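Subject: Structure handover

Hi,

Here is the structure I said I would pass on. Please open it next to this note.

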Amino acid sequence: MAAVLPSLNDLPRQNASHVKNRWGDVVRQVQQSGSVAVTNHSTVEMVLLTAATYNQLVEDAQALKAREQSVLDDLGRRFDARLGALQQPDAAANLNSLFAAKGKLARPPKAGDTF
């Protein structure tokens with residue numbers, strides 16, 4: 001799913017004048033390496049990449065956005081369920097009985113077989 005891309009520092013570089021004057025050579029280099037950093041005064045200003053790489057990046061971004069929305073929807077459902085429980089008619093009485101217990105347990109805790 002996720003495209004594996006080299007870091008910006010690892011990309012082959014071409015200065016903007018070379019890109020302008022030797023476009024065909026730059027296109028071949030992009031097709032060979034996948035992407036090329038374009039520099040102006042030794043500073044990377046943009047990256048040229050193949051259409052396939054761009055499409056993969058778009059697909060990955062959409063998949064992440066869909067996953068994020070799914071997680072948010074799940075959290076929303078869980079919140080609504082908890083809020084619904086708090087809005088039940090006996091919720092206040094249950095809460096008051098919990099505070100009235102003052103830390104006393106109805107039965108001793110179970111520690112398990114190995115304790």
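Below is what I found, from the whole chain down to single residues.

**Overall**

This is a predicted model. The chain holds four helices and three strands. Read from the N terminus, the order is β-α-α-β-β-α-α.

How does the radius of gyration sit against that of a compact globule? For 115 residues, a compact globule would come in near 13 Å, but this chain has 29 Å. The C-alpha trace covers about 80 × 40 × 25 Å along the principal axes.

Burial is next. Of the 115 residues, 14% count as buried. The exposed area of the chain is about 9800 Å². Carbon and sulfur atoms supply 56% of that area.

Two more values for the whole chain. Take the contacts between residues at least 6 apart in sequence: 38% of them join residues at least 24 apart. On charge, there are 13 positive and 11 negative ones, and their mean positions lie 6 Å apart.

**Ala-16**

Ala-16 belongs to helix α1, which covers residues 16-21. Is Ala-16 buried, exposed or partly exposed? Its relative accessibility is 32%, so it counts as partly exposed, since the buried class ends at 20% and the exposed class starts over 50%.

Which residues does Ala-16 touch beyond its neighbours within four places in sequence? Those are Val-38 and Thr-39. Val-38 is 22 residues away from Ala-16 in sequence, yet the two C-alpha atoms are 5.8 Å apart.

**Val-27**

Val-27 sits in helix α2, residues 23-33. With 28% relative accessibility, Val-27 also counts as partly exposed. Between Val-27 and Asn-40 there are 13 places in sequence and 18 Å in space, C-alpha to C-alpha. Set that beside the pair above: Ala-16 and Val-38 are 22 residues apart in sequence and 5.8 Å apart in space.

**Thr-50**

Where is Thr-50? It lies in the loop that links β3 (43-49) to α3 (51-86). Its side chain makes a polar contact with the side chain of Thr-53, at 2.8 Å. Leaving out neighbours within four places in sequence, Thr-50 is in contact with Val-30, Gln-31 and Gly-34.

That is the set. I suggest starting with the overall view, then going to the three residues in turn.

Best regards

How values were computed
Residues numbered from 1 in each chain as written. Predicted model: local features only at pLDDT ≥ 70, side-chain atom pairs only at ≥ 80, totals over all residues. Heavy atoms only, no water. Helix = DSSP H or I, 4+ residues; strand = E, 2+ residues; numbered from the N terminus. Rg over C-alpha atoms; globule rule 2.2 N^0.38 Å. Buried < 20%, exposed > 50% of the residue type's maximum accessible area, 1.4 Å probe, protein only. Contact = heavy atoms within 4.5 Å. Areas by Shrake-Rupley, 256 points an atom, 1.4 Å probe, with all protein chains shown as cover. Lys, Arg positive; Asp, Glu negative; His and termini not counted. Charge placed at Lys NZ, Arg CZ, Asp CG, Glu CD. Polar contact = N/O pair within 3.5 Å; in protein donor to acceptor, adjacent residues only side chain to side chain.
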